[in-house]
Amino acid sequence: LAELEVGSAGLRGILVQATGGLAAIRGLGDGKIELWSQTPDLELSVAFDATAAGTWTIIARNTLADAVLTENGAVHVREPGGFSTVATFVLALGAGTTTLRIAPPDADRVEIYKVATMADIQTALPIVDDVFRAISGVPDLRFVVAMGDITERGELEEYDLFERQLQTLTIPFYTTLGNHELWAPAERFYNRYGRASFHFGFKG
């Protein structure tokens with residue numbers, strides 16, 4: 001049941017929900033929404049009361065480098081600078097419920113695309129950045145799909161190291177939870193990355 005709550009956050013007249021639980025809401029407040037996406041095509045529902053309306057910064061981590069934010073037909077490009085998988089958008093949001101989509105312009109185009117797959121990197125975590133650099137050098141890869149076991153025992157230090165290593169990977173890394181993560185509370189994974197059981201559609 002705890003997993004079903006992933007992807008939703010609320011605070012003082014604000015409710016943010018990621019469709020399908022396909023993002024972890026890492027931060028909410030002070031005019032900023034920060035999240036970690038588990039899909040190349042993310043839909044968010046943002047509900048504000050009058051006190052919360054205004055200019056908001058949305059920081060979407062683990063997104064495609066060419067992703068844009070679409071809001072009521074308006075397309076917002078990411079702020080310049082920053083790492084390729086971290087998209088920052090600044091936009092005005094009014095009272096009421098708004099649907100936001102963070103996806104590349106070709107997300108609805110039906111065509112073949114390339115991904116990389118990985119699993120069981122836990123024992124290689126200190127040196128996996130070498131593999132990430134090699135993956136980043138492969139032309140036209142859109143993202144990595146992983147089958148879990150990104151840590152040895154689900155320790156917070158291991159998650160921190162994993163995210164530092166991801167700084168050498170220039171495309172998103174979408175992963176499920178593995179049995180090694182379950183040596184510790186699963187909420188450690190949920191709070192960082194989103195649901196462990198999920199699916200998404202892209203270009204199909």
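Begin by selecting strands E3, E4, E6 and E9, which together form an open sheet of four strands in the order E3-E4-E6-E9, with mixed pairing. Please keep in mind throughout the tour that this is a predicted model. Colour strand E3 (23–29) and strand E9 (86–93) differently from the rest, since these are the edge strands, each of which pairs on one side only. If you then look along the sheet, you can follow its twist, which averages 20 degrees from one strand to the next.

Stay with this sheet and select strand E4 (residues 32–37) together with strand E6 (residues 54–61), which run parallel and are joined by five bridges. To find one particular pairing, pick Glu 34 and look across to E6, where its bridge partner is Ile 59.

The next stop is the other sheet. Select strands E11, E12 and E13, which form an open sheet of three strands in the order E11-E12-E13, with parallel pairing. Strand E11 (114–118) and strand E13 (173–175) stand at the edges and have a single partner strand each, so one side of each is left without a neighbour in the sheet. Neighbouring strands here are turned against each other by 25 degrees on average, direction ignored.

Within this sheet, show strand E12 (residues 141–146) beside E13, to which E12 is joined by three bridges, the two strands running parallel. Which residue of E13 is the bridge partner of Val 144? Select Phe 173, and you have the partner in question. Now add helix H1 to the view, because you can then see how H1 packs on the sheet, touching E11, E12 and E13, while its direction makes about 165 degrees with that of E11.From here, turn to helix packing by selecting helix H1 (residues 128–136) and helix H2 (residues 156–166), whose axes come within 9 Å and cross at roughly 30 degrees. The crossing of H1 and H2 is right-handed. Display the side chains of Val 128, Asp 129 and Phe 132 on H1, and of Phe 162, Gln 165 and Leu 166 on H2, as these residues make the contact. Sorted by class, the contact of H1 with H2 has four nonpolar residues, one polar residue and one charged residue.

The last two stops are spaces rather than chains of atoms. For the largest pocket, which holds about 200 Å³ of space, select Trp 36, Thr 85, Val 86, Glu 163 and Leu 166, which lie nearest its centre among the 13 residues that line it. By class, the lining of the largest pocket has seven nonpolar, three polar and three charged residues. Leu 166 is a residue you have already displayed, as it also takes part in the contact of H1 with H2.

Finally, look for the cavity, for the count comes to one cavity of 30 Å³ or more. About 40 Å³ of space lies in the largest cavity, and to see what surrounds this space you can select its lining, which includes Ser 37, Thr 39, Pro 40, Leu 42 and Thr 63. Add Leu 64, Ala 67, Ile 102 and Ala 103 to the selection, as these residues line the largest cavity too. The lining of the largest cavity divides into six nonpolar and three polar residues, with no charged residue in it.

Terms used
Residues numbered from 1 in each chain as written. Predicted model: local features only at pLDDT ≥ 70, side-chain atom pairs only at ≥ 80, totals over all residues. Heavy atoms only, no water. Axes fitted to C-alpha atoms, helices over the stretch in contact; angles between N-to-C directions. Left-handed = near helix turned anticlockwise from the far one by under 90°. Contact = heavy atoms within 4.5 Å. Nonpolar A, V, L, I, M, F, W, Y, C, P; charged D, E, K, R; others polar. Pairing = 2+ DSSP bridges. 1 Å grid on protein atoms, 1.4 Å probe; cavity = no way out; pocket = protein on both sides within 12 Å on 5 of 7 lines; lining within 4 Å. Points joined across faces, edges and corners; volume = space filled by probe spheres on them.
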